[in-house]
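Subject: A structure for you to look at

Hi there,

Here is the structure I promised to pass on to you. Please open it and keep it beside this email while you read.

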Amino acid sequence: MDLDIGPADRILIHLALGAMKMGGHRYGAFLDAATTAAKFAIYSTYLEQGKNIRKTGFLYHVEPKRVKAIIKEVQDALDQGQTLKTLNSQEPYYLIALPHLWQEHFPCQPDQPRVTVHGLTPRERLEIEQSLPSDLPEAKLLDLAEFTDLIEMLHELSQADLPVCQRMSFSEALTEHIKFRLLYSGTVIQIDSPLLGAPLFALARTVYSPKGERERVFTMIDDVARFFSLLQSWVKEEAGVLRAIEVFDVDPSRKEEALSELDQMLQAWADKYHQDGGHPMVLQVAAGEREYE
């Protein structure tokens, strides 16, 4: 996607893509997190400016009365021990907890039928069960209403630890979002059969684990957060922080060779200077094709 935007906009777009498209977070949750981050930026600046409300408002083009309200909101949250974190680099709670909750509320013993839909003959029930993967967890298949009820139960559990002002009501859009994530990851599979008037849903794995590129998404989010923190230390000219960048052209036939050699050099460098009990350090590197100058 080629957009005529600046570096700051590009950062925001990549953050949104990472949190929403790859990380599975809702649109509303991302907006809440962005709002929380902006409020915390104002609060931290307020402290840096000697608790000067007017100067803080001037720096961010915010009315002093609005700055005062934000400071009170953040300070109250801190005083009450509330978390300011609205997004996590890991999957949302309702995805992680689903396999456990499913097996707890809809268990199935080896000698019991998985399919308990009314209106099916024993032969039809057996035909559906024989069409299922052989390695499914011991849990019953759910119809759409049962599956929706399970999702709603998860939603209520995920909201329990949030302040009342941050809780959101259950909705059809949220149901579809959660259902898509569970099916997309392979944690749940949808069973369609001409014998059924509506689809059934089967628990496919005992733990939630995203597939494909999503396996690297959470590591990516953690890495980006750490990189931002390191660069902020570099901006402040703190000791022991290095920013390095090299721009060059490489023979395409030797690109993988160059990357492999770089990996070996970094490992050797870290091994050379490592000392048990020493000062903790981190080296974070990404190398690849440059997109723009």
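Let me begin with a question: leaving aside its neighbours within four places in sequence, which residues is Phe147 in contact with? Before the answer, please keep in mind that this is a predicted model.

**The nonpolar cores**

Once neighbours within four places in sequence are left aside, Phe147 touches Leu98, Trp102, Leu142, Lys179, Leu182, Val188 and Phe201. Phe147 also belongs to the largest nonpolar core, which has 18 residues. Phe147 is listed there among the residues with the most contacts inside the core, together with Leu98, Trp102, Leu150, Ile178, Leu182 and Val188. Two or more residues of this core come from each of helix 6 (98-105), helix 8 (144-159), helix 9 (172-185) and strand 3 (200-203). Helix 8 gives the largest share, 4 residues. Another core, of 11 residues, lies apart from this one, and its members include Val115, Leu200, Ala202 and Ala204.

After strand 3, have a look at Tyr208, in the loop between strand 3 and helix 10 (217-235). Is Tyr208 buried or exposed? Its relative accessible area is 12%, so Tyr208 counts as buried. Tyr208 and Ala97 are 111 residues apart in sequence, yet their C-alpha atoms are 7.8 Å apart in space.

**Around helix 3**

Now go to helix 3 (residues 53-60). At its start, a side-chain oxygen of Asn52 comes within 3.1 Å of the backbone nitrogen of Arg54. Just after this helix, His61 has a positive phi of about 55 degrees.

Thr56 sits in helix 3, and it is buried because its relative accessibility is 0%. Beyond its neighbours within four places in sequence, Thr56 is in contact with Ile42, Thr45, Tyr46, Gln49 and Val67. One of these partners, Thr45, belongs to helix 2 (residues 27-48). Thr45 is buried too, at 6% relative accessibility. With the same neighbours left aside, Thr45 contacts Thr56, Leu59 and Tyr60.

**Salt bridges**

Side chains of opposite charge can pair when their charged atoms come close. How many salt bridges does a search of the whole structure find? It finds 6, and here are three to look up:

- Lys39 and Glu73 meet through their side chains at 2.9 Å, N to O. This pair links distant parts of the chain, with Lys39 in helix 2 and Glu73 in helix 4 (residues 64-79), 34 residues apart. Lys39 is buried, at 17% relative accessibility, whereas Glu73 is partly exposed, at 39%.
- Glu176 and Lys179 form a salt bridge at 3.5 Å, N to O. Both are in helix 9, 3 residues apart, which is about one turn of the helix. An α-helix has 3.6 residues a turn, so residues three or four places apart point the same way. Glu176 is partly exposed, at 40%, while Lys179 is buried, at 16%.
- Glu257 and Arg254 pair at 3.0 Å, N to O. Glu257 is partly exposed, at 43%, and Arg254 is partly exposed, at 46%.

**A patch on the surface**

Last stop: Leu259, Leu262, Trp269, Tyr273, Leu283 and Val285 make up a nonpolar patch on the surface. Together they have about 580 Å² of accessible area. Trp269 lies in helix 11 (residues 255-273), and its relative accessibility of 46% is why it counts as partly exposed.

Enjoy exploring, and write back with any questions!

Best wishes

Conventions:
Residues are numbered from 1 along each chain as its sequence is written. This is a predicted model: local features need pLDDT of at least 70, side-chain atom pairs count only at pLDDT 80 or more; totals for chains, interfaces and linings use all residues. Side-chain values use heavy atoms; hydrogens and water are left out. A polar contact is a pair of N or O atoms within 3.5 Å; within protein, one must be able to donate a hydrogen and the other to accept it, and residues adjacent in sequence count only if both atoms are side-chain atoms. Patches are made of residues with over 30% relative accessible area and no salt bridge: like charges are joined within 9 Å, nonpolar side chains (Val, Leu, Ile, Met, Phe, Trp, Tyr) within 5 Å. Accessible areas come from the Shrake-Rupley method with a 1.4 Å probe; for residues, only the protein chains shown count as cover. A salt bridge is a side-chain nitrogen of Lys or Arg within 4 Å of a carboxyl oxygen of Asp or Glu. Buried means under 20% relative accessible area, exposed over 50%, partly exposed in between (1.4 Å probe, protein chains only). A nonpolar core is a set of buried Ala, Val, Leu, Ile, Met, Phe, Trp, Tyr and Cys residues joined through side-chain atoms within 4.5 Å. Contact means heavy atoms within 4.5 Å.
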